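Here is a walk through a protein and DNA model, written for someone who would rather look at contacts than at formulas. Have the viewer open as you read.

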2 protein chains.
Amino acid sequence: MRISELSRRSGVPNATIKYYLREGLLPPGRATAQTQAEYDDSHLRRLRLIRALTGVRGLSVAAAKQVLDTIAEEDQTDTHHVLGLVFGVWPSGSSKPETADGQVPVECPETDALVDAMGWTVSTYNPARQVIDRTLETLRSLGMEQDWRSLLPYAELAARTARLDLDQLETLKDPLEKAERAVLLTFVLEPALMALRRLAQEDESIVRYGESPSLAALQPGRRRADEHE
Amino acid sequence: MRISELSRRSGVPNATIKYYLREGLLPPGRATAQTQAEYDDSHLRRLRLIRALTGVRGLSVAAAKQVLDTIAEEDQTDTHHVLGLVFGVWPSGSSKPETADGQVPVECPETDALVDAMGWTVSTYNPARQVIDRTLETLRSLGMEQDWRSLLPYAELAARTARLDLDQLETLKDPLEKAERAVLLTFVLEPALMALRRLAQEDESIVRYGESPSLAALQPGRRRADEHE
DNA sequence: TATATTAGACAGTACAGCTACCCAATATCC
DNA sequence: GGATATTGGGTAGCTGTACTGTCTAATATA
């Protein structure tokens with residue numbers, strides 16, 4: 001297909017596709033002539049992935065490129081290698097670590113302690129480390145007397161979440177497919193997970209403190225446990 | 001204190017403080033004369049909160065204002081009221097819902113089913129609903145055959161997370177303090193929770209598929225369960 | 001009284017993410 | 001085979017966000 005059909009099928013404007021091509025987010029089509037190129041389903045798929053990362057997830061174009069580059073490069077044969085790369089990517093947008101190209105591991109004493117307490121094995125280069133230390137610092141500067149110990153219960157829940165994530169990769173055999181699925185689970189799912197927390201917070205707040213102001217009629221005598229009505 | 005001391009103590013440039021005042025993120029100081037105003041610790045605190053939301057969390061200035069407005073307005077006496085407002089705020093930045101001022105509830109059939117299955121009680125106006133439906137749609141458009149049922153295990157973990165969150169509010173009595181703490185837990189903690197997931201994913205990937213490429217030496221014979229070494 | 005600081009207003013800057021336009025080459029329709 | 005439309009490639013411009021710098025008159029401080 002040519003660019004206009006790609007545009008029509010993806011809903012992304014022609015000019016924007018060209019922009020993504022220029023920025024290297026979308027690989028160039030197979031050139032059939034000097035002013036003609038042929039695109040295929042892989043381009044359509046990639047385009048949708050780009051829009052998922054920049055749209056619902058809110059990544060910057062540069063961050064999306066970084067993520068996309070990760071699943072494209074390197075040898076795709078080692079599952080653990082590919083996944084390690086994906087999980088190690090940090091979209092340098094919101095809350096990015098200082099070191100742009102995380103070559104140098106930054107001291108993260110609190111995360112070290114947490115990782116040790118959880119018995120985890122994670123690369124010292126994983127940028128997620130810095131996010132945790134920086135967040136704890138920020139919370140303390142706002143008077144919240146938190147340290148890594150207060151994150152332990154959250155870490156336990158994060159471990160279970162990660163297990164759910166990895167379970168969904170088991171069914172896939174193709175390493176490339178696995179890498180793309182990992183990206184979807186890791187990045188695109190993030191807003192939904194936070195949305196679930198928000199819903200659960202509202203429910204829990206109603207259970208503990210009373211009815212929500214936005215709701216007119218609630219069933220009385222709500223439970224504390226989790227069984228359904 | 002005057003603006004320069006506020007700037008020095010917060011680390012935020014003078015001009016930026018004026019910008020926040022203009023934008024209404026920071027309440028004006030008590031004017032002592034036509035070209036003089038007095039700021040206090042509440043301003044310093046608010047300024048730090050603004051930087052936490054826009055910095056580590058990555059909210060836009062407009063989204064931060066929306067969050068800040070929520071804890072400032074309304075009567076502060078009802079705990080459930082205040083928390084309902086905070087948990088209902090969606091920072092219109094990344095993955096914002098379409099309706100800017102969520103007055104009209106949007107149809108979210110998948111979230112409805114999920115909420116029902118969990119036995120939750122949440123406002124139909126909570127913007128988190130739309131995020132979930134939109135994310136599921138996006139994942140499906142990328143070939144992931146997901147529906148609300150696949151989110152159920154995540155919802156269960158979200159419920160536990162919410163319980164941890166609310167536990168940390170129990171100790172506070174002042175409703176205003178409670179609201180601010182809720183903001184910190186809900187928004188500022190988000191990147192850290194996602195970072196924890198990333199670390200747990202890397203660990204779980206090593207446990208299942210082998211060693212991480214970034215790590216030179218690992219202890220052999222890793223476990224599947226969660227006990228510490 | 002001299003110097004520095006301040007509030008308030010507004011213009012200017014830097015960057016991101018598109019968007020519009022141009023041109024020569026190519027495809028397509030008659 | 002000629003007219004018309006589309007394409008790739010490049011560049012310039014536009015819009016919005018988050019500041020930053022400058023100016024002025026009023027006020028504080030030495």
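Which element gives the largest share of the surface near DNA strand D? That would be α2(B), with 5 residues. Keep in mind that this is a predicted model, and every value below is computed from it.

**Around strand D**

Let's stay with DNA strand D for a moment. There are 21 residues around the strand, and A:I3, A:S4, B:T16, B:S60 and B:V61 come nearest. Both chains take part: α1 (3–10), α2 and β2 (36–38) of chain A, along with α2 of chain B, each supply at least two residues of this surface. Sorted by class, the residues near DNA strand D come out as 9 nonpolar, 7 polar and 5 charged.

What part of the DNA faces the protein here? Of the strand D atoms within 4 Å of the protein, 71% belong to sugar or phosphate, and the rest to bases.

**Around strand C**

Now for DNA strand C, which has 21 residues surrounding it; A:S60, A:V61, B:I3, B:S4 and B:K18 are the closest. The elements that each supply at least two residues of the surface near this strand are α2 (14–23) of chain A plus α1 (3–10), α2 (14–23) and β2 (36–38) of chain B. The largest share comes from α2(A), which puts in 5 residues. As for class, the surface near DNA strand C divides into 9 nonpolar, 8 polar and 4 charged residues. Sugar or phosphate accounts for 73% of the strand C atoms within 4 Å of the protein, with bases making up the rest.

The individual polar contacts are easier to scan in a table. B:R22 is worth a click, as its side chain reaches a base nitrogen of DNA strand C and also a base oxygen of DNA strand D.

| Protein side | DNA side | Distance |
|---|---|---|
| A:T16, side chain | strand C, phosphate oxygen | 3.2 Å |
| B:R22, side chain | strand C, base nitrogen | 3.3 Å |
| B:A37, backbone | strand C, phosphate oxygen | 3.5 Å |
| B:T16, side chain | strand D, phosphate oxygen | 2.9 Å |
| B:Y20, side chain | strand D, phosphate oxygen | 3.3 Å |
| B:R22, side chain | strand D, base oxygen | 3.2 Å |

**Where the two chains meet**

How much area do chain A and chain B bury between them? About 9400 Å², and 64% of it is on carbon and sulfur atoms. The contact takes 103 residues from chain A and 102 residues from chain B.

The rule finds 10 salt bridges across this interface. One to look up is B:R197 with A:D165, whose side chains meet at 2.7 Å, N to O. There are also 33 residue pairs in polar contact between the chains. On the chain A side, α3 (41–56), α5 (79–88), α6 (109–118), α7 (128–141), α8 (148–170) and α9 (175–209) each supply at least two residues. Of these, α9(A) gives the most, with 27 residues. That side of chain A has 50 nonpolar, 28 polar and 25 charged residues.

**A stop at one proline**

Last, take a look at A:P105, which sits in the loop between α5 and α6 of chain A. Is A:P105 buried or exposed? Neither quite fits: A:P105 is partly exposed, because its relative accessible area is 39%, and the partly exposed class runs between 20% and 50%. Beyond its neighbours within four places in sequence, A:P105 is in contact with A:T124 and A:Y125. The C-alpha atoms of A:P105 and A:R129 are 9.4 Å apart, with 24 residues separating the two along the chain.

Note on methods:
Residues are numbered from 1 along each chain as its sequence is written. Chains are lettered from A and ligands numbered from 1 in the order in which they are written. This is a predicted model: local features need pLDDT of at least 70, side-chain atom pairs count only at pLDDT 80 or more; totals for chains, interfaces and linings use all residues. Side-chain values use heavy atoms; hydrogens and water are left out. Contact means heavy atoms within 4.5 Å. Buried area is the accessible area (1.4 Å probe) that two parts lose on being put together, summed over both. A salt bridge is a side-chain nitrogen of Lys or Arg within 4 Å of a carboxyl oxygen of Asp or Glu. A polar contact is a pair of N or O atoms within 3.5 Å; within protein, one must be able to donate a hydrogen and the other to accept it, and residues adjacent in sequence count only if both atoms are side-chain atoms. Helices (H or I, at least four residues) and strands (E, at least two) are DSSP runs, numbered from the N terminus. Ala, Val, Leu, Ile, Met, Phe, Trp, Tyr, Cys and Pro count as nonpolar, Asp, Glu, Lys and Arg as charged, and the others, Gly among them, as polar. Buried means under 20% relative accessible area, exposed over 50%, partly exposed in between (1.4 Å probe, protein chains only). A residue is near a molecule or strand if one of its heavy atoms lies within 4 Å of it.
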